[in-house]
Amino acid sequence: MRPIKLTVEGFTSFRTKQELDFTELDLFAITGATGAGKSSLLDAITYALYEKVPGKVTRKADIPELVSQGEQSLKVSFQFQLKQTEYKITRSWKDRRSGTKTNFLLDHLEQGQWQRCDRSVEDILGMDFDTFTRVIVLPQGQFDEFLKGSAAKRREILRNLGGLNIFEEMRQRASDRVKNAQIKLAEINGKIEGLELPTDAEITTNQTELETLEQNLPQLTEEVAIAGKLLEEEEKLLEQIRRLEKLQQNLAQINLKETEIEKLKQKLKIAQAANRLKSDWDRVRDIRQRFTKTSDNLQDATDKLARAKSELKTQQENRDCLQAIASEKEAQFDRRSQNLATAEAYSQQEGQAKIEFSQAQNKLQQKTKQCQEREVEVRQVRETVTKAQKKLETVNNTLAQTSPDTSRLEILDMVVPLIPQWETAVRQEQTVREKLDRTVKEKQQLQSEHTSSLEQLEVIEVKLQEAELSLEEAKASNDRFARKNHAAILRTALYPGDDCPVCGGKYPEAHLLPFLTDAEIIELKPLEKFVNNTRQNCQQAQTTLTQIITRLESLQKQETSLQQELKIAQIELSKFQNQIADILKAEVWDSKALKQEQKRLSEQNKAYQQALIQKQKVEAELERSEQSLEFCQNNIETAREELDAANAEVEYRQQLLVEIQDKLHQVTNGKTYDSLKHELERDKNQWKMQKQETDAKFNQAQNHFTQAETTYNNSNENFAHTKSQQEHLETQWQVALADNSFTEISFKEALVTETKQQEWQKEIASYTQQKIEATSRVREIKDNIGDRTTDEASLTKRREAKQLAEKKLEESREQKIELEIWLKNAATKQQQSQDLLERQQQVKQQEHIYQTLARDLQTNHFQAFILEHLERELVTRATVLLQDLTDSRYALKIENGEYRVEDNWNAGEMRGIRTLSGGETFAASLSMALSLSEKLSMGAEIGCLFLDEGFGTLDRETLDIVTRTLESLRQQDRLIGVITHIPALAEQFTQIKVQKSQLGSNLRVELC
């Protein structure tokens, strides 16, 4: 990955927009005061790529910590190149009232246009966040501590840098799962003990009792049904007797309402007669109301007609007055319109003239600026031609001094890549041989220990047999004494002539047995303790012997494996030696001298090729510069001619504008065209609105008069028609009242609503229906009862008999349910016990697995193996890098867990790391950092590196070594950035200065 451009805004200390262009940078230093934001540049790159920042932001909720103080948003854009393709990533974050908003864009450049890219950043770079931060940003200061620290300190640093903390976390998790498994086992054991499993005999007994109950239940159910049926018949008889008494009472009450019902029937007859005249009464009442309403309407129409006639006369007079002055107004408006048209023409000419004058002035400014630019361009091109001529002369001199030996270089290019493999094979052969020697020595020592442990075990087994025999004899002796004492105790309770429980005969007093003393009893605890200790010693000796045998077998296998590895290593070493000898055509060669010669010839050839390329570039540049100079000289003459023409055009346009402005002033008397036009439109609109208002009022008055006249005529006709209808209906109404023997007052009193009549009819019908039903039901119940009789005492006896049968049935059912529940619970407990035992076995297996995993992942086992292997790989690669950085002087070695360097300039002398100077230590720690970077990148392309140089101060010698080391890195086609606060080091390279201010940090690039 090669950075191209970084843009930040609102990010940490960079409040305002800052851009950093990497295109012209290859080796540079990042400098600035503490807190200015040096590390924020690297944080911005990682945030753009992964939306994370090491040690600060690992989740989206932490993003606000990156926003500049006082700001509500941030934006980071990062452009880079990878495998001939340019990519651009833009991330932004904004805090809004409705919540935060995050945007992310990933584009790639295709045929000069940015296109949306659907790949992930991890896929493009081939690295995740953790790998990127370890590979791109090298913690050189930590490797300085790594080389000089103790073995435990190196292991901790390497674990952190290599991301191997995961093994410790895995071991901790495995230990936690062992604890969880042990807790689960305790819970399962507790559950098994708390189940209280029933015995098989209990299950069989309860099962037999359940079957007996199930056989008796049908008979008990039948007895309950018979008792219930007898009770039901007795209850129905008593209920019918009580219902008969109640019905007889209801019939007597119904007969008391007969007189009232007769009066209601007469009242209903009169109401029905009045109801038949109701339609005639409704028509009479309606015509009376209509007559009153038409009379009132006729009076209102007469008044409105008079008012409308007066208003029409007034509006007619106003309209005639306005029409008298209309012709004079129209003539006045025509004259003003003609003057306005003339002013409009001059105004348009004035506007066009101003535009043309302004365009002429702009053109004059452009030509003036263009002429000045052409003059500057001519001077610059002349300087470029001069520089190109000097460069060409320098390049020709370089080519004349360079003469590469390409044939020898080709041979060395084939040999040098094989030398590190040959050296690795040598070290590998030595390492395997050393391991084999250690294994043989350890095997011989264990064989001696095996013989000694076997003899010791035989001695302990003899002692154990003797101790067990002594313990058995002591127990037998104590049993005999205890039986004698028991017999003596029994005989003390007997009298002469009693049966003796000891011998079976008659007890004489002379047979009294003496008691034994405690001194005659042998103490067993010391013997048992001795036996247990001896048995433990025997088991321990057997365990030790088994471990020794197992270790001997392992060492035997290891010895065989190492012998095979030694043969393979010797074959590999011989292969590389033969390859190098075949290429060089020589059996004896010096690897260091070959490397130095290859490096010298490569640099000479590289310089020659670069000089050739530089000559071609300079010649092409000189030719382009000469052509540009000729073209610029022609352009400046043309620009001067165009400048004179532009001056003449400005003067002409200015004179024409003054003439048009004078004519416009004569027509408008100093007023503008827009103001005159506005006044004319305003006066016309006012006159038009006045005419429209007068016509509208006249038309409205005329309409009102017409409507009032029509309303009056309609009201007069309705009044006459309604009066005729009223006289006719009044005559018919009096005849109808007389025919039905009603006056109008008695008719109103007799008038009842149909709803009320229906209520009376329902009341009469209900009375008749109730009387018929009561009589029928009394007769029916008497027929059902007949001669039968009963009372509450008989009913109580029936209830008690039924309750007794139900109680027996319920007790049997409850007992059956209890037995079924008990049997079901017993089966459930048995199943639970089986499940718990299976679960117990599973948890024990898991506990064993995690115990084994936790033991194997301990720091002194698996992690130690991984760290040792990784450390050796790093040292092997770092040695190659260190030799490149120090002209093959130093090589890293590990002896007895300590780092040392092999000084090839002093006959391979081995030196401690602490004896190196500051610059040499920097080269060694940088080699280790680069080695880890290459290892962790897993083959991904690394186009840039950022170093933390890790020094407090630098003397002149150290400064020179550090500078040469970093310069050598630049030759590997990588962009190298050094974060430093040492001015002497920063001044050697291009500087990116990060400066603090009240408005936020800003960036400034200073060339070296």
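**Helix packing, a cavity and single residues**

User: How are helix 11 and helix 13 placed relative to each other in this predicted model?

Analyst: In this predicted model, the axes of helix 11 (residues 406-415) and helix 13 (residues 525-584) come within 10 Å and cross at roughly 175°.

User: Why are helix 11 and helix 13 called roughly antiparallel?

Analyst: Angles over 145 degrees count as roughly antiparallel, and the axes of helix 11 and helix 13 cross at roughly 175°; the two helices are therefore roughly antiparallel to each other.

User: Which residues of helix 11 and helix 13 meet, and how do they divide into nonpolar, polar and charged?

Analyst: From helix 11 come R408, I411, M414 and V415, which meet I580, I583 and L584 of helix 13. The residues of this contact divide into six nonpolar and one charged, with no polar residue.

User: What lines the largest cavity, and which elements give two or more residues to the lining?

Analyst: The search of the whole structure finds two cavities of 30 Å³ or more, and the largest cavity holds about 40 Å³ of space. Its lining is made of P420, E423, T424, R427, K595, T876, T879, V880 and Q883, with helix 12 (418-491) and helix 19 (859-885) as the elements that give two or more residues. By kind, the lining residues divide into two nonpolar, four polar and three charged.

User: What makes D835 partly exposed?

Analyst: D835, which lies in helix 18 (residues 792-856), has a relative accessible area of 37%. Partly exposed is the range between under 20% for buried and over 50% for exposed, so D835 is partly exposed. Between D835 and I192 there are 9.9 Å in space, C-alpha to C-alpha, although the two are 643 residues apart in sequence.

User: Why is Q991 called buried, and what is Q991 in contact with?

Analyst: Buried means under 20% relative accessible area, and Q991, in strand 14 (residues 990-995), has 11%, so Q991 is buried. Leaving aside neighbours within four places in sequence, Q991 is in contact with A29, T31, A986, R1004, V1005 and E1006.

User: How do you know whether E51 and K83 are buried or exposed?

Analyst: E51, in the loop between helix 1 (38-50) and strand 4 (73-82), has 15% relative accessibility, and because buried means under 20%, E51 counts as buried. K83, in the loop between strand 4 and strand 5 (85-96), has 63%, and because exposed means over 50%, K83 counts as exposed. Phi is positive at E51, about 60°, although E51 is not a glycine, and phi of K83, a residue other than glycine, is near 55°.

Technical notes:
Residues numbered from 1 in each chain as written. Predicted model: local features only at pLDDT ≥ 70, side-chain atom pairs only at ≥ 80, totals over all residues. Heavy atoms only, no water. Axes fitted to C-alpha atoms, helices over the stretch in contact; angles between N-to-C directions. Helix = DSSP H or I, 4+ residues; strand = E, 2+ residues; numbered from the N terminus. Parallel < 35°, antiparallel > 145°, perpendicular 65-115°, else oblique. Contact = heavy atoms within 4.5 Å. Nonpolar A, V, L, I, M, F, W, Y, C, P; charged D, E, K, R; others polar. 1 Å grid on protein atoms, 1.4 Å probe; cavity = no way out; pocket = protein on both sides within 12 Å on 5 of 7 lines; lining within 4 Å. Points joined across faces, edges and corners; volume = space filled by probe spheres on them. Buried < 20%, exposed > 50% of the residue type's maximum accessible area, 1.4 Å probe, protein only.
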